[in-house]
Amino acid sequence: LVVLTSVNKHFGSLHVLRDIDLTIHKGEVVVILGPSGSGKSTLCRAINRLEPIGSGTITIDGVPLPEEGRALANLRADVGMVFQSFNLFAHKTVLENITLGPTKVRKVPAAQARTRAMELLERVGVANQADKYPAQLSGGQQQRVAIARALAMDPKVILFDEPTSALDPEMVNEVLDVMVTLARGGMTMVVVTHEMGFARKAADRVVFMADGQIVEENTPAEFFTNPTTTRAQDFLSKIL
Ligand code: ATP
Ligand code: MG
């Protein structure tokens, strides 16, 4: 579904993505692990074309990422993104946050978009907050709205960049539970997270990055019990 081939990216003299080859299959849940600065966020942003790449190719369903315009808006709809900082529209209600993309980008009629939005808010457990503004919600509620907003576009894949890192500990599980349910429901997901419990429970594959490279790839069971590289062993010894 998503194929990266020999992807390279520099920020000035810093080589942040080095010859990345990665294929994400339909229905697969890929968890990306790695130390701070290893390029995990840059990789996610590249797939959504929030960051242009230097060389290599990224295709979605065989089609190279578009550069601009209508095609880029459609790409962003196909490739949902959930950020650490929620990134909801502060001056729109929860319901409006969800219906905006479908009505503007997908041209869904307003009434239909509202019905669907309410179903999605129900699914993530915040339907009773539909008329509030983001600032009136807890972090965990805001992040569940952000997930519903991504889902409303019927994306082919959703990228999650540390979706629970900004949350108070007691709200982490309410967001992870929604993500586990999505994963089990067959959604294609790329998840950057430090939540090893989520990786063990929901990941089909763990991709370990260091210094802009994919150093190791394996099933979570194998990765956590038998990391083969010293870098992965070192990383795991610090976090487990
Ligand atoms: P973290 O776990 O801290 O979120 P990460 O693995 O997501 O780290 P990235 O954010 O992808 O890492 O950053 C990779 C490298 O690129 C880092 O050295 C970072 O400082 C650098 N970098 C990221 N964004 C930019 C930018 N816009 N301009 C210059 N350098 C950047
Ligand atoms: Mg990051």
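Two residues are in contact when they have heavy atoms within 4.5 Å. By that rule, and leaving aside residues up to four places away in sequence, Gly56 touches Thr5, Ser6 and Val7.

A quick note on the ground rules: this is a predicted model, where local features need pLDDT of at least 70, side-chain atom pairs count only at pLDDT 80 or more, and totals for chains, interfaces and linings use all residues. Residues are numbered from 1 along each chain as its sequence is written, and side-chain values use heavy atoms, with hydrogens and water left out.

Back to Gly56: it sits in strand E4, residues 55-60 (strands are DSSP runs of at least two E residues, helices runs of at least four H or I, numbered from the N terminus). Gly56 has 37% relative accessibility, so it counts as partly exposed (between buried, under 20%, and exposed, over 50%, with a 1.4 Å probe and protein chains only).

Now for ligand 1. The residues around it, with a heavy atom within 4 Å, include Phe11, Pro35, Lys40 and Glu162. By class, this shell has 4 nonpolar, 6 polar and 2 charged residues. Helix H1 gives the most, with 3 residues; strand E2 (14-24) and helix H1 (40-47) are the elements that give two or more.

Some polar contacts (N or O pairs within 3.5 Å) of ligand 1 oxygen atoms:

| Residue | Partner atom | Distance |
|---|---|---|
| Ser36 | side-chain N or O | 2.6 Å |
| Ser38 | polar backbone atom | 3.2 Å |
| Ser41 | side-chain N or O | 2.8 Å |

Methods
Chains are lettered from A and ligands numbered from 1 in the order in which they are written. A polar contact is a pair of N or O atoms within 3.5 Å; within protein, one must be able to donate a hydrogen and the other to accept it, and residues adjacent in sequence count only if both atoms are side-chain atoms. Ala, Val, Leu, Ile, Met, Phe, Trp, Tyr, Cys and Pro count as nonpolar, Asp, Glu, Lys and Arg as charged, and the others, Gly among them, as polar.
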